[in-house]
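Here are some notes for a colleague who is opening this structure for the first time, set out as numbered points to be read beside the model.

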Amino acid sequence: MPALVYRHREHLITLVAEPQNAGVVTDPVDLSEGGFSLVHWSDGAFSYWAISDMERPELDDFVARFRAAVVPG
């Protein structure tokens, strides 16, 4: 499964996108645990996981910006 890695200041954000067959759209869900922030959501075409050691508000901002930039196809 492909992963994109972004750098934000001293933190890395790993974004994994898994294709979906029968697309279900879901809002971001907090799955953070063990010192890592993890957010999962779906846009109907892909399921996404954003993982980082940054604080949740910063990761939430990244997720919001990423979702706003993705144009549904």
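**Notes on the sheet and its surroundings**

1. In this predicted model, strand 1 and strand 2 (residues 11-19) run antiparallel and are joined by six bridges. Within this pairing, Leu4 stands opposite Leu15 in strand 2.

2. Looking at the wider arrangement, five strands form an open sheet with antiparallel pairing, and their order is 1-2-5-4-3. Strand 1 (3-8) and strand 3 are the edge strands, each of them pairing on one side only. On average, and with direction ignored, neighbouring strands of this sheet are turned by 15° against each other.

3. Helix 1 (residues 56-69) packs on the sheet, where it touches strand 1, strand 2, strand 3, strand 4 and strand 5, and its direction makes about 20° with that of strand 4.

4. Strand 3 (residues 25-30) pairs with strand 4 (residues 37-43) in the antiparallel sense over four bridges, and Asp30 has Val39 in strand 4 as its bridge partner. The two strands form a hairpin with six residues between them, and Gly34 in the turn has a positive phi of about 60°.

5. Is Ser52, which belongs to strand 5 (residues 46-52), buried or exposed? Its relative accessible area is 2%, and Ser52 is therefore buried, the cut-off being under 20%. The side chain of Ser52 reaches the backbone oxygen of Leu12 at 2.7 Å. Apart from neighbours within four places in sequence, Ser52 is in contact with His11, Leu12, Ile13, Phe36, Ser37 and Leu59.

Methods:
Residues numbered from 1 in each chain as written. Predicted model: local features only at pLDDT ≥ 70, side-chain atom pairs only at ≥ 80, totals over all residues. Heavy atoms only, no water. Buried < 20%, exposed > 50% of the residue type's maximum accessible area, 1.4 Å probe, protein only. Polar contact = N/O pair within 3.5 Å; in protein donor to acceptor, adjacent residues only side chain to side chain. Contact = heavy atoms within 4.5 Å. Pairing = 2+ DSSP bridges. Axes fitted to C-alpha atoms, helices over the stretch in contact; angles between N-to-C directions.
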